[in-house]
Amino acid sequence: GAFGRFCQHRRVAKVASARAPFVRVMTSPVAAGQGLPVVTVTKIIDHSHLNADGMLSLSTLLKWMDITACLAAELHCRKMSVTISMDEVSFPAEEYGKVAVGQALLLRGQVNNAFNTSMEVGVLVTSEALGTGATATVCLAFFIFVAIDESGGKARVEPVVPVTFEEQHEFALAAERRKVRIKRRQVEKTMASRLLPSPPVSPVTLRSSAVRSSQFGSTSAARTSRRSWVGARAQETLQSMDTTQLVLPHHANHHGNTFGGQIMAWMAEFASILSSRQAKASLAGGRPAGAVQVHIEAIDALHFISPSKTGDRISLHGHVTRVFGTSMEVEISVRAYDVAGGQESARHINNGFLVVQVLGGDGQPLALRPSRADMTGDDPESRPRHEAAASREAVRALRRQMGSLQAGAMTWSEDLKEEMCICNLWGVLRISHVDEWHELAAMPRGSPLPAPLAALNAGSDVSPADIALSANLCTWGLPLLSIRGCLSVDTPPPLVFELLKSPERRAAWDV
């Protein structure tokens with residue numbers, strides 16, 4: 001992920017004994033508020049951290065990620081902080097399944113930016129084989145935390161001061177991600193309004209829709225699903241269920257509220273049960289021979305609306321909103337109430353969407369029969385949820401394309417143009433630290449500027465004598481050819497960033 005490529009990872013000392021898990025917290029030096037605060041939490045994976053399928057329990061990982069983000073946030077603001085939201089995060093089965101017992105898991109939390117009372121904290125999770133030292137990225141997530149004062153109200157947060165070139169990149173990108181979060185729900189509503197209601201589906205159409213729906217799943221999943229669609233029949237209904245949890249003292253955080261990571265863990269466990277039930281009806285051609293497991297491939301943005309406390313009853317209501325060709329979306333709504341008020345006093349505290357795949361014995365996603373709008377039952381809200389799920393999956397598919405290195409993978413979307421601009425910047429920064437560049441041409445200082453640069457430079461205080469250009473060639477270890485144009489100019493980095501990210505200026509840069 002971008003976060004990992006921006007930052008230099010410090011090697012954690014190996015532990016002499018791996019008999020028990022341990023936690024080591026390391027903080028980066030933050031002198032007089034300078035630099036982005038960083039906290040590293042290290043764990044050793046043992047059998048108690050695995051689920052029934054032998055993979056690292058996602059519930060456990062979500063708790064660790066929330067702890068890491070909280071430590072980083074409170075390191076910066078020096079106040080109590082609570083989780084407000086978590087951006088979309090993916091857990092690809094191929095990479096996630098490689099986390100094994102005996103490996104070290106490094107969770108690196110960094111406060112990328114602070115916005116008055118809130119902070120964005122990026123958490124990069126990597127695994128390390130202690131025997132060989134080989135590392136691999138597990139996932140990357142962005143959390144939003146809010147600082148709390150002694151009375152329980154929001155507290156003002158001091159701004160962070162990025163120092164290094166990489167920190168300035170993360171600082172600026174965090175500000176752009178904040179704009180995207182504000183517009184996210186409106187973007188999804190706009191895209192949903194363009195989708196037509198699902199028509200009745202014949203068996204022939206059902207088989208062909210599997211191919212189209214598989215495009216919404218991961219590329220590897222669409223490629224590897226080899227199960228037959230012959231004789232497939234649509235499942236009768238989409239599953240829904242409820243469960244209740246009691247908040248015990250060990251579920252509370254150090255502020256006395258229910259630990260946000262615990263809420264996410266309950267949601268992940270609940271989604272696994274619900275999707276397992278749905279899989280029995282949705283598997284194309286019936287349940288195959290051998291072991292079948294469900295894997296949470298991605299968690300869409302989670303929003304923590306209000307807190308809960310020890311003694312509260314946590315009611316989770318979940319339903320499968322839609323089944324796609326190789327995945328399904330599960331929506332979970334979380335409410336809390338105390339014993340005195342009963343269920344009538346329940347308040348909404350959290351909601352989120354989880355994308356679940358069904359894996360076969362070979363670890364590859366199995367083909368599923370896509371759901372139809374007439375399978376949503378008598379609930380009047382089910383059909384709108386079914387249609388809205390398609391828009392969310394379309395957005396997720398576009399975001400997967402943004403992170404892909406495949407040629408021609410990008411599809412332009414007017415609704416996501418701001419995110420695409422951020423993706424373009426990520427792509428530039430992704431190769432900015434590569435050393436194996438070969439110079440093709442150079443323009444010394446004082447030379448006439450090319451037309452696009454002259455247009456951008458018009459009216460500024462920068463003289464052509466202060467500008468130098470060079471063109472470089474690199475394949476950076478991939479079957480891709482990259483040409484880098486280096487512009488050397490004495491201009492503040494924030495101004496350069498504004499010039500690069502502006503969609504209105506793309507025409508000048510693309511000449």
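What percentage of the 511 residues of the chain count as buried? The answer is 50%. The model on display is predicted, and the tour below begins with the whole chain before turning to individual elements.

**The whole chain**

Display the chain as a cartoon. Its secondary structure comes to 12 helices and 16 strands. Consider next the contacts between residues at least 6 apart in sequence: 72% of these join residues at least 24 apart.

**Helix H2**

Select residues 58–77, which form helix H2. This helix has 20 residues, and the distance from its first C-alpha to its last is 29 Å, close to the 28 Å expected at 1.5 Å a residue. H2 is mostly covered, with 17 of its 20 residues buried. Move on to Arg78, just after H2, where the backbone takes a positive phi of about 60°.

**Where H2 meets H7**

Keep H2 selected and add helix H7, residues 260–282. Two packed helices are described by the angle between their axes and the distance between the axes. For H2 and H7 the angle is about 160°, and the axes lie 8 Å apart. Because angles over 145 degrees count as roughly antiparallel, H2 is roughly antiparallel to H7. The crossing of H2 past H7 is right-handed.

Now show side chains at this contact. On the H2 side, select Leu58, Ser59, Leu62, Lys63 and Asp66. Their counterparts in H7 are Gly260, Gly261, Gln262, Met264, Ala265, Ala268 and Glu269. Sorted by class, the contact comprises five nonpolar, four polar and three charged residues. In viewing such a contact, it helps to recall that an α-helix has 3.6 residues a turn, so residues three or four places apart point the same way.

**Val358 in strand S13**

Select strand S13, residues 347–359, and find Val358 within it. Is Val358 buried or exposed? Its relative accessibility is 0%, so Val358 counts as buried. Leaving aside residues up to four places away in sequence, Val358 touches Ala279, Leu283, Val292, Gln293, Val294, Met328, Gln364, Pro365, Leu366 and Leu368. Select Met328 from that list: Met328 and Val358 are 30 residues apart in sequence, and their C-alpha atoms are 8.8 Å apart in space.

**Helix H8**

Finish with helix H8, residues 382–402. At 1.5 Å a residue, its 21 residues should span 30 Å, and the end C-alpha atoms are indeed 30 Å apart. Of these 21 residues, 16 are buried, so H8 is largely enclosed by the rest of the structure.

Note on methods:
Residues are numbered from 1 along each chain as its sequence is written. This is a predicted model: local features need pLDDT of at least 70, side-chain atom pairs count only at pLDDT 80 or more; totals for chains, interfaces and linings use all residues. Side-chain values use heavy atoms; hydrogens and water are left out. Axes are lines fitted to C-alpha atoms, for helices over the stretch in contact, and angles run from 0 to 180 degrees between N-to-C directions. Helices (H or I, at least four residues) and strands (E, at least two) are DSSP runs, numbered from the N terminus. Angles under 35 degrees count as roughly parallel, over 145 as roughly antiparallel, 65 to 115 as roughly perpendicular and the rest as oblique. A crossing is left-handed if the near helix is turned anticlockwise from the far one by less than a right angle, and right-handed if clockwise. Contact means heavy atoms within 4.5 Å. Ala, Val, Leu, Ile, Met, Phe, Trp, Tyr, Cys and Pro count as nonpolar, Asp, Glu, Lys and Arg as charged, and the others, Gly among them, as polar. Buried means under 20% relative accessible area, exposed over 50%, partly exposed in between (1.4 Å probe, protein chains only). The expected span of a helix is 1.5 Å times one less than its number of residues.
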